[in-house]
Amino acid sequence: KTLQKKTKETALKRERQKARLTQEQASERLDISLRSLQAYEEGEYSPSFENAVKMAKLYGCELNDFID
């Protein structure tokens with residue numbers, strides 16, 4: 001993995017954990033598949049802008065934590 005992907009992976013996972021949500025809970029509330037959330041957290045691909053906005057709202061953090 002590149003450093004950038006690792007940083008994003010860490011931020012996504014860290015923010016979800018700070019919100020005290022499991023991957024299953026977060027994916028349900030975000031209305032995305034569990035696999036998509038896992039792929040975002042593992043740095044396989046980036047969330048769409050719409051999903052990044054949903055994640056920031058759900059996790060109570062800034063949108064730029066998820067956008068390159």
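**Asn51 and its surroundings**

I looked up Asn51 to begin with, in what is a predicted model, and I found this residue in helix α4, which covers residues 49–59. I then asked myself whether Asn51 is buried or exposed. Its relative accessible area is 12%, and because anything under 20% is called buried, Asn51 counts as buried. Next I wanted to know which residues Asn51 is in contact with, once its neighbours within four places in sequence are left aside. I noted Ile32 and Tyr40 as the answer.

**From Tyr40 to its aromatic partner**

Since Tyr40 had come up as a contact of Asn51, I followed Tyr40 further and noted that it is buried, with a relative accessible area of 4%. In helix α3 I listed the buried residues as Ser36, Leu37, Ala39, Tyr40 and Glu41. I also looked for aromatic pairs and found that the structure holds one. The pair is formed by the rings of Tyr40 and Tyr45, whose centres are 5.2 Å apart. Why is this pair edge-to-face? The planes of the two rings stand at 85°, and planes over 60 degrees apart count as edge-to-face, so the pair falls under that name. Tyr40 is buried, whereas Tyr45, at 40% relative accessibility, counts as partly exposed.

**Helices α2 and α3**

I turned next to two helices that are in contact, α2 (residues 23–30) and α3 (residues 34–42). Two packed helices are described by the angle between their axes and the distance between the axes, so I wrote down both values. The axes of α2 and α3 come within 9 Å and cross at roughly 110°. Because an angle from 65 to 115 degrees counts as roughly perpendicular, I recorded α2 and α3 as roughly perpendicular to each other. I noted as well that the crossing of α2 and α3 is right-handed. On the α2 side the contact is made by Gln23, Glu24, Ala26, Ser27 and Leu30, and on the α3 side by Leu34, Leu37, Gln38 and Glu41. Sorting these residues by character, I had four nonpolar, three polar and two charged.

**Positive phi angles**

I went on to the backbone and asked where positive phi values occur outside glycine, with Arg20 as one of my entries, at about 60°. Arg20 lies in the loop between α1 and α2, and at 75% relative accessibility Arg20 counts as exposed. Asp31 is also not a glycine and has a positive phi, near 60°. I placed Asp31 in the loop between α2 and α3, and at 66% relative accessibility this residue counts as exposed. Just after α3 I found Gly43, which takes a positive phi of about 80°.

**Gln17 and the chain as a whole**

I then looked up Gln17, which lies in helix α1, residues 3–18, and which counts as partly exposed at 45% relative accessibility. The C-alpha atoms of Gln17 and Tyr59 are separated by 8.7 Å, although these residues are 42 residues apart along the chain.

To finish, I asked how many helices and strands the protein chain has. I counted four helices and zero strands, and read along the sequence they follow the pattern α-α-α-α. Of the 68 residues in the protein chain, 38% are buried. Among the contacts with a separation of 6 or more, I noted that 43% join residues 24 or more positions apart.

Technical notes
Residues numbered from 1 in each chain as written. Predicted model: local features only at pLDDT ≥ 70, side-chain atom pairs only at ≥ 80, totals over all residues. Heavy atoms only, no water. Buried < 20%, exposed > 50% of the residue type's maximum accessible area, 1.4 Å probe, protein only. Contact = heavy atoms within 4.5 Å. Axes fitted to C-alpha atoms, helices over the stretch in contact; angles between N-to-C directions. Parallel < 35°, antiparallel > 145°, perpendicular 65-115°, else oblique. Left-handed = near helix turned anticlockwise from the far one by under 90°. Nonpolar A, V, L, I, M, F, W, Y, C, P; charged D, E, K, R; others polar. Phe/Tyr/Trp six-rings, centres within 6.5 Å; stacked < 30°, edge-to-face > 60°.
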